[in-house]
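User: Could you take a close look at one chain for me, and at how its partner copy sits against it? I'd like it in plain words.

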Protein chains: 2
Amino acid sequence: MSAAIPDSLKDLLERPIVVAFATSNPDGQPQVTPVWASLEGEQVWINSAVGRRKDLNVRANPKVTVLALDPENAFHWAEIRGQVVDFVEGDAAVAHINKLSGIYAGNEDYYAFNPEGKGKETRVIYKIQPTRVNGM
Amino acid sequence: MSAAIPDSLKDLLERPIVVAFATSNPDGQPQVTPVWASLEGEQVWINSAVGRRKDLNVRANPKVTVLALDPENAFHWAEIRGQVVDFVEGDAAVAHINKLSGIYAGNEDYYAFNPEGKGKETRVIYKIQPTRVNGM
């Protein structure tokens, strides 16, 4: 089961909009955190660090949901429900967080803002294949 | 188990910020939708209509999570995890959606915007008792 993101909603994932990323805690409570995201072909990619609560959640249950709200227009939003189909660590994950940092923070060196994490955390990309998309 | 919302985060629920409301679908997929919210004492109140997907979800699993992001400041946000401890229908629920409509849309008559729903839907308040609050 796969769903396409309509062209009319793609800008929500291409502009520097901080999105809500929902995973499920082991006790069934949703965990929702603000994260950066990018649209890569038909997938949504999110970048985190190995071992965080959301990372543990995604590995236990790869069903995740992203809500992107246009901060300038409450009637423009996208809910992307999907499945994490790939976890990518290493150089590719660092390149991705640097790309996101360029889009969201105007500096393609993520660790310029987060020097405490450099060399101490393992970045990871969650490649999300949409299974259902709602929005307007 | 109960958690207080720090004063430093309360503005996120007092200003007309559209929040992300997460419930769990029966298959374990988070459902996340944009909704209005109000802070009522220590509780967060959300208003929906009986029978919607999120309504069915909340009744099956009252563990819900709200993420409020300041649209003007990405470093100011609150994640409120909680439990729906009360469902209120009837006049009180209509009064609440009208209050929200006043705050968010500048008109305390919700059905002025949504005439198709008037008399056809049953509004319901979800009174959420926070159990854990994260934010900055």
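Analyst: Here's a walk through chain A, and then the way chain B relates to chain A. This is a predicted model, in which local features need pLDDT of at least 70, side-chain atom pairs count only at pLDDT 80 or more, and totals for chains, interfaces and linings use all residues. Residues are numbered from 1 along each chain as its sequence is written, while chains are lettered from A and ligands numbered from 1 in the order in which they are written.

Chain A has three helices and seven strands, counted as DSSP runs (helices H or I, at least four residues; strands E, at least two) numbered from the N terminus. Read from the N terminus, the order is α-β-β-β-β-α-β-β-α-β. With a radius of gyration of 14 Å, close to the 14 Å from the globule rule for 136 residues, chain A is as compact as a globular protein of that length; the radius is taken over C-alpha atoms, and the rule is 2.2 Å times the number of residues to the power 0.38. The C-alpha trace spans about 40 × 35 × 25 Å along its principal axes.

Inside chain A, 40% of the 136 residues are buried, that is, with 20 or more other C-beta atoms within 10 Å of their own, C-beta atoms being placed from the backbone. Of the contacts in chain A with a separation of 6 or more, 69% join residues 24 or more positions apart; a contact needs C-beta atoms, placed from the backbone, within 7 Å.

Now the partner: a turn of 180° and a shift of 0.0 Å along the axis lays chain B on chain A with an RMSD of 0.0 Å, superposed by least squares on C-alpha atoms of residues with pLDDT of at least 70 in both. That's the relation of a two-fold axis. In chain B, Pro71(B) has the C-alpha nearest the axis, 2.6 Å from it. Both copies use the same surface, as 100% of chain B's contact residues recur in chain A.

Notes
Two residues are in contact if their C-beta atoms, placed from the backbone, lie within 7 Å. A residue is buried if 20 or more other C-beta atoms lie within 10 Å of its own, exposed if 12 or fewer, and partly exposed in between; C-beta atoms are placed from the backbone.
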